[in-house]
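This report introduces a protein model to a reader who has not met it before. It treats charged pairs, a helix, the nonpolar cores and the cysteines in turn.

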Amino acid sequence: MSNEKKEFEILFRDIYPKLYYAAQQIVKDDEMCRDFISDSFLQLWSRRTEVEPSKRAAFLYRIVHNKCIDYIRKESAKKKYIEFYSMLYGTSAEEIEGSWEESERRIQAMYRNIETLTPQTQKILKLCYFQNKKYREAAEELGISISAVRKHIVQALKVLRAALPHE
């Protein structure tokens with residue numbers, strides 16, 4: 001085994017538990033933590049010539065931290081889409097989550113339908129429903145009137161209700 005591989009193996013044995021603990025504090029999902037750490041080591045290995053040995057631990061911590069935060073953001077966005085969908089159809093988030101495959105299909109359909117809206121309507125819908133901004137805040141950010149924001153929202157909801165499958 002080469003010296004480089006030995007050093008990498010020592011680093012792995014030394015820092016893996018610490019990385020796992022750090023990831024577990026953010027994500028609380030054992031499998032995801034292990035995946036993030038494995039991906040981080042692969043990333044470090046592919047960039048081992050660019051990262052100084054004294055900075056490898058910090059590099060790994062940063063990658064694991066970023067992967068955890070990205071995961072949390074993705075889960076948060078998924079939750080917001082489920083809440084938005086449940087509001088759109090008047091169903092509970094629990095009902096939607098109960099049939100996850102169907103929910104995922106509907107959420108993907110909603111994504112596709114959002115893409116058919118005008119760019120301005122998309123932007124307003126995302127500001128109001130996915131970033132939880134008030135109509136007034138969206139209007140100020142975009143330099144339009146509150147009634148224009150309302151019109152865009154009404155139009156968006158009309159299009160989405162018509163396009164999504166009902167049960």
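## Charged pairs

Arg34 is partly exposed, with a relative accessible area of 34%. In this predicted model, Arg34 forms a salt bridge with Glu31, and the closest N and O atoms of the pair are 3.1 Å apart. Glu31 is likewise partly exposed, at 44% relative accessibility. Both residues belong to helix H2, which covers residues 30–46, and they lie three residues apart, about one turn of the helix. An α-helix has 3.6 residues a turn, so residues three or four places apart point the same way.

The structure holds nine salt bridges. Another of the nine joins the side chains of Lys18 and Asp14, at 3.7 Å from N to O. Lys18 and Asp14 are four residues apart in helix H1, and therefore about one helical turn separates them. Lys18 has a relative accessible area of 43% and is partly exposed; Asp14, at 45%, is partly exposed too. A further salt bridge links Glu52 with Lys55, whose closest N and O atoms are 3.9 Å apart. Glu52 is partly exposed at 44%, and Lys55 is partly exposed at 48%. Side chains of opposite charge can pair when their charged atoms come close.

## Helix H1

Helix H1 runs over residues 3–26, a total of 24 residues. At 1.5 Å a residue the helix should span 34 Å, and the distance between its end C-alpha atoms, 34 Å, agrees with this. H1 nevertheless has a kink of about 45° at Ile15, shortly before the proline Pro17.

Which residues of H1 are buried? They are Phe8, Leu11, Ile15, Leu19, Ala23 and Gln24. Ile15 is thus both the site of the kink and a buried residue. Just after H1, Lys28 takes a positive phi of about 65°.

## Nonpolar cores

The largest nonpolar core contains 21 residues. Those that touch the most other members are Phe84, Leu125, Cys128, Tyr129, Val149, Ile153 and Leu160. Five helices give two or more residues to this core: H3 (56–89), H5 (100–116), H6 (119–130), H7 (135–142) and H8 (146–163). Of these, H6 gives the most, with six residues.

A second, separate core has 18 residues, including Leu19, Val27, Ile37 and Val51. Leu19 is also among the buried residues of H1.

Val149, named above for its contacts within the largest core, has neighbours from elsewhere in the sequence. Leaving aside residues up to four places away in sequence, Val149 touches Ile124, Cys128, Tyr135, Ala138, Ala139 and Ile144.

## Cysteines

How many disulfides does the structure have? The count comes to zero. Cys33 is in no disulfide, and the nearest cysteine sulfur, that of Cys68, is 5.6 Å away. A disulfide requires the two sulfur atoms to be within 2.5 Å, and at 5.6 Å the sulfur of Cys68 does not meet that limit. For Cys68, in turn, the nearest cysteine sulfur is that of Cys33, and Cys68 is in no disulfide either.

Are these two cysteines buried or exposed? Cys33 is buried, with a relative accessible area of 0%. Cys68 also counts as buried, at 0% relative accessibility.

Key: Residues numbered from 1 in each chain as written. Predicted model: local features only at pLDDT ≥ 70, side-chain atom pairs only at ≥ 80, totals over all residues. Heavy atoms only, no water. Expected span 1.5 Å × (residues − 1). Bend = angle between axes of the 7 residues up to and from the residue. Buried < 20%, exposed > 50% of the residue type's maximum accessible area, 1.4 Å probe, protein only. Core = buried A, V, L, I, M, F, W, Y, C linked by side-chain atoms within 4.5 Å. Contact = heavy atoms within 4.5 Å. Salt bridge = Lys/Arg side-chain N within 4 Å of Asp/Glu carboxyl O.
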